[in-house]
Amino acid sequence: APMTVPRDYYLTRAQSRAVDEIAIGEFGMLGLVLMENAGRNCAEFIQSVISDRADLCDWPIVICCGKGNNGGDGLVIARHLANAVLRQAGIRMKVE
């Protein structure tokens, strides 16, 4: 069965922008930190959906990225999903 997310669990575009403005303007958070947190949490959500659905485990995941902040979010999501696959396969990477 398709997973549905209750309306209370997500923000509209305007609400999301307002939260970003408050986080950056009032709390001094960096946009990159917000992007990283959003992308990581989205990747974790995708992994939780897949882990509950054996029929989806072998499907490819495609992240379509535009330009701007949404593209950055998509790249963060893709990076976290790729790293999770490597960890599950027991592959370790070293970046220098």
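Here are three short exercises on the predicted model shown above.

**Exercise 1: the overall fold**

Work out which secondary structure elements the protein has and in what order they come.

*Solution.* Start by counting: the protein has three helices and zero strands. Then read along the sequence, and you get the pattern α-α-α. Now turn to burial: of the 96 residues, 17% are buried. Finish with the surface, where the protein exposes about 8000 Å², with 58% supplied by carbon and sulfur atoms.

**Exercise 2: a link between helices**

Find out which helices are joined by the salt bridge between Arg79 and Glu36.

*Solution.* First check the distance. The cut-off for a salt bridge is 4 Å between side-chain nitrogen and carboxyl oxygen, and the N to O distance for Arg79 and Glu36 is 2.5 Å. Next, place the partners: Arg79 sits in helix H3 (residues 69–88) and Glu36 in helix H2 (residues 31–51), so the pair ties together parts 43 residues apart in sequence. Last, look at accessibility. Arg79 is partly exposed at 37% relative accessible area, and Glu36 is partly exposed at 24%.

**Exercise 3: a pair within one helix**

A search of the whole structure finds two salt bridges; describe the one formed by Arg40 and Glu44.

*Solution.* Begin with the atoms: the closest N and O of Arg40 and Glu44 are 3.9 Å apart. Then consider the spacing. Both residues belong to helix H2, and being four residues apart, they are separated by about one helical turn. Finally, Arg40 counts as partly exposed at 29% relative accessibility, and Glu44 is partly exposed with a relative accessible area of 42%.

How values were computed
Residues numbered from 1 in each chain as written. Predicted model: local features only at pLDDT ≥ 70, side-chain atom pairs only at ≥ 80, totals over all residues. Heavy atoms only, no water. Helix = DSSP H or I, 4+ residues; strand = E, 2+ residues; numbered from the N terminus. Buried < 20%, exposed > 50% of the residue type's maximum accessible area, 1.4 Å probe, protein only. Areas by Shrake-Rupley, 256 points an atom, 1.4 Å probe, with all protein chains shown as cover.
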